[in-house]
Amino acid sequence: MQLLLIHSDYIEFEAKRPTKMAEEIDDQARKGRLEEALCAFIAVEKFDEDDPEAVISEGAKQISDLAEQVHADRIMLYPYAHLSPNLSTPATAVKILKGMQEALSRNYEVMRAPFGWYKAFTLSCKGHPLSELSRSIKLGEGEVVSEALKSEAKAVSYWKIMDLDGKMVDADKFDFTGHEKLKKFTNYEISKARAVDRVPPHVELMRRLEMVDYEPGSDPGNMRYYPKGRLVKSLLENLVLDKAAEMGAMEVETPIMYDMEHPTLKKYLDRFPARQYQIEADKKKLFLRFAACFGQFLMGHDMTISYKAMPLRMFEITRYSFRREQRGELVGIRRLRAFTMPDMHTLTRDMGQAMEEFRKQYEASIAVLKDVGLDLGDYEVAIRFTKDFYNENKQFIEGLVDIVQKPVLIEMWDDRFFYFVLKFEFNFVDTLDKASALSTVQIDVENAERYDIAYVDEAGEKQRPILLHCSPSGAIERVIYALLEKAAREAEQGKLPMLPTWLSPTQVRIIPVAERHQARALEVVKELGFRTDIDDRDETVSKKIRDAGREWVPYVVVIGDDEQASGQLTVTVRANSTPKSPAKAKMSVEDLRRQISSETAGKPWRRLPLPVRLSERPRFI
RNA sequence: GCCUCGGUAGCUCAGCUGGUCCAGAGCGAUUGACUUGUAAUCAAUAGGUCGCGUGUUCGAAUCACGCCCGGGGCUCCA
């Protein structure tokens, strides 16, 4: 609704001639005049049709607010189509106008000019600062609250713990001795309690290590990544990409924005509990993807697939997926509005193949997390399913628990509220006892139908596949969050925090003692390879060593007269050191090269994203 | 969206019962000295419309109101 509000000495109108859509009025209502009145010119718009009642109350409120301010006792409601290019139907407009008249009549003397007539009017504007105002009323900015978000509130969950023997115990009766993290995770999931007394440690770390930072020039939860952060992300992305390829996935790429009015997508939006970013281009309303599902399913819809191609896996690293998470949820990089999500979808022939594939992806996810540096002890397992699915597949579920060799949290629903019948997640529990999901796989029994995805079986018949959604690692940013939080926890326990060597931005730091050692230092950089840099700043050796420690550099090499003479290196190995006593070792360049090679074998590698000489580096924070 | 805390030098912050300890400290930067052997070398210099606006006052970084931006919390989390 568009409003043009004018505080007038008087307003006078006379209806001259009806248009096609004129409302019927008696002769008396064709003329009107109000003295000392607030005159509201009103255009009712297309999207007001969604919720006329709300528009009436909001419009009436805006008008009475201003009437209050300018001390007007009389209000003229004057339909004025020219305020908007996008008008509602006449019926809605009349309904809303009448509704506003009724609402305002309680406190004001209200007159309404007839709708749909050519009218002559005379208006005398008072001309004080508040005498001419316009207002646009848009309800909720056209926000879509998905059915899934609503049904989530209705879903009744049964919370259990499944032990290694396959027995399910109510979560509140389980003996959590020896499973403290599972207990914290369970509490977190059930009670949703999350009072926190401090900022999580990764927030300071991500900035101090010059990896990630807030970007005030963007929307909250959209971060900037400095070279070291970009490097770490890139390495993690490449690792997951490799693992997906190993699993037999085909990498694809799909658009990041989609048409809101696309019939299939529209329905899917309602099944996904997330808020979208919406943008408008030309006359189209678009939303930014919150996962790669749409793109891959739309692709799947157009594909010709034989049973021989099954299971068929498509993979994409979505940079970015967007979810407009609530403002207060965004802390550091634990939860973001723009995040990088490895997203794989698998088409399987039937539930049997789907379950087999589910188990494989479950095991693959464990392996991926292990590769990035997170062990089974670092996260807790949740398995969620419908009651029906459980009753038909008890042994299968028990098998999943058996694989991780520890009790897991179970959530069971009476009915299927969502598009899946079975899912698991691996949840990282941080030092503040907050849990966040990393890897996840879901068995989707709904979207093959919705997107009309089919394959042809041995008999030449079209069949609906069962779909799997899988993120083998979870969002890349969240993996970084988990690694930083894990390091922070270890630091609290008196260990030296660090990233795995293959992920460390600087793998080896060379510190020449004096200027005359720089030539040798540069030689070593060349011979060694890896991401090796050299601290050639005009600082003391002590200062340089301290700085290398603050950067979590795994291998620190000091080169002075002795090393220059002997050709041996003095290496401080961070992994073996403690805060009080550095672990120093004498080794040759070749020894060190071999050690790092074996430590980073099979992992992605990228070159140093910064100048080799520290003296040439900018500071980002 | 709501509650709450905050915005002072490139960074982290002190000052904030209004007036010469009010424009400061540490780090960083620059320059000079030192050429250094395992966790912060010494000295000098430069840097700020104290988020923006309005008001109160003889006088505002300091008080009031409004606005903008950010942190944390709530709501939410297939």
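**A first look at Ser615 and some neighbours**

Visitor: Which residues does Ser615 touch, not counting residues up to four places away in sequence?
Guide: Welcome! This is a predicted model, and contact here means heavy atoms within 4.5 Å. Ser615 itself lies in the segment after helix H17, which spans 589–599. With residues up to four places away set aside, the ones Ser615 touches are Asp536 and Arg537.

Visitor: What is the separation between the C-alpha atoms of Ser615 and Arg537?
Guide: Along the chain, these two residues are 78 residues apart. In space, their C-alpha atoms are separated by 5.0 Å.

Visitor: Which side chain joins that of Ser615 in a polar contact of 2.8 Å?
Guide: A polar contact needs a pair of N or O atoms within 3.5 Å. At 2.8 Å, the side chain of Ser615 makes such a contact with the side chain of Asp536.

Visitor: Is Ser615 buried, exposed or partly exposed?
Guide: Buried means under 20% relative accessible area and exposed means over 50%. Ser615 has 43%, so this residue is partly exposed.

Visitor: How much accessible area does the nonpolar patch with Met257 have on the surface?
Guide: Met257 is found in strand E13, residues 257–259, and counts as partly exposed because its relative accessibility is 38%. Its partners in the patch are Ile256 and Ile279. Together, the three have an accessible area of about 210 Å².

Visitor: Why does Cys470 have no bond with the closest cysteine sulfur?
Guide: A disulfide is a covalent bond between the sulfur atoms of two cysteines, and this structure holds 0 of them. Cys470 is buried, at 1% relative accessible area. The closest cysteine sulfur, in Cys293, is too far for a bond because the distance is 12 Å.

Key
Residues are numbered from 1 along each chain as its sequence is written. Chains are lettered from A and ligands numbered from 1 in the order in which they are written. This is a predicted model: local features need pLDDT of at least 70, side-chain atom pairs count only at pLDDT 80 or more; totals for chains, interfaces and linings use all residues. Side-chain values use heavy atoms; hydrogens and water are left out. Helices (H or I, at least four residues) and strands (E, at least two) are DSSP runs, numbered from the N terminus. Buried means under 20% relative accessible area, exposed over 50%, partly exposed in between (1.4 Å probe, protein chains only). A polar contact is a pair of N or O atoms within 3.5 Å; within protein, one must be able to donate a hydrogen and the other to accept it, and residues adjacent in sequence count only if both atoms are side-chain atoms. Patches are made of residues with over 30% relative accessible area and no salt bridge: like charges are joined within 9 Å, nonpolar side chains (Val, Leu, Ile, Met, Phe, Trp, Tyr) within 5 Å. Accessible areas come from the Shrake-Rupley method with a 1.4 Å probe; for residues, only the protein chains shown count as cover. A salt bridge is a side-chain nitrogen of Lys or Arg within 4 Å of a carboxyl oxygen of Asp or Glu. A disulfide is a pair of cysteine sulfur atoms within 2.5 Å.
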